[in-house]
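Me: Please take me closely through one part of this model, the surface around the DNA. I am new to this, so explain the terms as you go.

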Amino acid sequence: MPELPEVETVRRGLKKLLPGREVQSVKTDWPKSLQGSKADVQQFLLGARIEAVHRRAKMLLIELSSDYTLVVHLKMTGQLVFQSDKERFGAGHPTDSLAHKLPDSSTRVEIAFTDGSRLFFNDQRKFGWIRLLPTPELEHLPLFQKLGPEPLDPSFSWQQLRAMLQRRPNASIKAALLDQTVISGIGNIYADEALWGAKIHPTMPIRSLSLVQIKRLHGELISILQLAISKGGSTDKNYVDAKGKKGSYLHFARVFRREGQSCPRCGNAIIKLRVSGRGTHVCPVCQKLKSPRAAKTEANQ
DNA sequence: CACTTGACCTGTCCGC
DNA sequence: TGCGGACAGGTCAAGT
């Protein structure tokens with residue numbers, strides 16, 4: 001569930017909390033959650049200092065002084081939560097805050113720093129992972145090389161979106177938006193929200209999209225992602241930021257998880273479909289299945 | 001080759 | 001109350 005806005009929110013939190021800290025010890029009880037040889041962990045993680053925290057697509061990159069990077073993918077239920085020395089020993093007031101209660105039953109990896117603070121990787125469903133990889137090699141790995149453009153990069157243009165989409169002319173627009181090699185960082189929530197904003201039906205084949213629709217979609221993707229970041233992302237069940245705080249975007253969502261409720265634009269009931277294997281929310285009135293041109297041709301017959 | 005389905009996992013919810 | 005099954009959805013591998 002963590003998509004670009006959630007991962008970006010975590011990054012902004014960790015960026016203020018992690019740089020400068022030195023790794024003292026690492027624990028895991030689930031090998032897939034922390035991938036890397038024992039020797040590499042010993043040599044390049046223990047004793048290393050955190051230099052910076054970056055994001056690429058839905059991945060977090062925690063850059064270490066050893067020229068290695070911890071690459072983190074939260075997948076569905078992953079959390080990266082920082083616990084200060086004070087929180088660890090129960091000082092401070094908010095006893096209901098998540099950081100006070102860690103580790104818990106979903107904790108898969110625990111990284112302790114020399115100053116007594118800790119970073120927890122929690123992941124109920126165990127789909128997520130942390131990989132220890134050499135920093136200079138990252139850009140050459142297929143994992144990164146195949147990724148599509150970052151939608152919030154200032155250079156991301158509608159022409160670029162069109163060019164990437166055209167690589168899959170027969171796919172549905174929803175399937176293409178979820179494809180990380182077409183565009184980075186979009187998941188099920190923001191795909192549905194952006195398509196509603198652009199008034200495009202999710203099953204529409206890319207080849208039948210008009211230029212106007214592509215331009216509208218480009219604008220909607222950017223504005224939805226920016227709005228979601230400003231709300232701290234979306235929390236359905238699990239997602240929290242680096243301090244254990246939930247995101248509030250779903251409170252503002254227009255179609256996602258709102259089947260049966262009325263469309264904020266036209267008042268008709270939102271319906272839920274299944275498109276390329278995913279729950280998909282649409283306004284059947286605002287988001288026409290046929291392009292205006294096809295509908296016109298049909299009307300003339 | 002393009003697209004779909006299954007696997008990876010666990011907690012929650014629904015019907016019986 | 002308990003139990004089985006469907007469902008949630010990011011990504012890769014396997015299948016059509």
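Reply: Let's begin with a term: a polar contact is a pair of N or O atoms within 3.5 Å; within protein, one atom must be able to donate a hydrogen and the other to accept it, and residues adjacent in sequence count only if both are side-chain atoms. The model is predicted, so local features need pLDDT of at least 70 and side-chain atom pairs count only at pLDDT 80 or more, while totals for chains, interfaces and linings use all residues. Residues are numbered from 1 along each chain as written, chains are lettered from A and ligands numbered from 1 in written order, and side-chain values use heavy atoms, without hydrogens and water.

Start with DNA strand B. A polar side-chain atom of Lys-126 lies 2.7 Å from one of its phosphate oxygens. Ala-171 uses its backbone instead: an N or O atom there is 3.1 Å from a phosphate oxygen of the strand. Gln-124 approaches another part of the strand, with a side-chain N or O atom 3.2 Å from a sugar or linking oxygen. A residue is near a strand if one of its heavy atoms lies within 4 Å of it. Around DNA strand B, these residues include Trp-30, Lys-32, Arg-125 and Lys-237. By class, this surface has three nonpolar, two polar and five charged residues; here Ala, Val, Leu, Ile, Met, Phe, Trp, Tyr, Cys and Pro count as nonpolar, Asp, Glu, Lys and Arg as charged, and the others, Gly among them, as polar. Sugar or phosphate supplies 69% of the strand B atoms within 4 Å of the protein, and bases supply the rest.

Now turn to DNA strand C. It has 18 residues around it, and His-73, Met-76, Phe-127, Arg-274 and Arg-278 come nearest. Five are nonpolar, five polar and eight charged. For this strand, 62% of the atoms within 4 Å of the protein belong to sugar or phosphate, with bases making up the rest. Three side chains have a polar atom by a phosphate oxygen of strand C: Gln-180 at 3.4 Å, Lys-58 at 2.9 Å and Arg-274 at 2.3 Å. The elements giving two or more residues to this surface are β10 (271-275) and β11 (278-282). Such labels number DSSP runs from the N terminus: helices are H or I of at least four residues, and strands are E of at least two.

Follow β11 and you reach helix α7, since β11 is among the elements covering its buried residues, along with α1 (4-17), α6 (173-178) and α8 (211-230). Buried means under 20% relative accessible area, exposed over 50%, and partly exposed in between, using a 1.4 Å probe on protein chains only. Because 10 of the 10 residues of α7 (residues 188-197) are buried, this helix is largely enclosed by the rest of the structure. Just past α7, Lys-199 takes a positive phi of about 55 degrees.

One of those covering helices, α1, contains Thr-9. At 14% relative accessibility, Thr-9 counts as buried. Leaving out residues up to four places away in sequence, Thr-9 touches Ile-229, Gly-232, Gly-233, Tyr-239 and Asp-241, where contact means heavy atoms within 4.5 Å.

Finally, step back to the whole protein. Chain A has nine helices and 11 strands, and 52% of its 301 residues count as buried. Its C-alpha trace spans about 75 × 45 × 30 Å along its principal axes.
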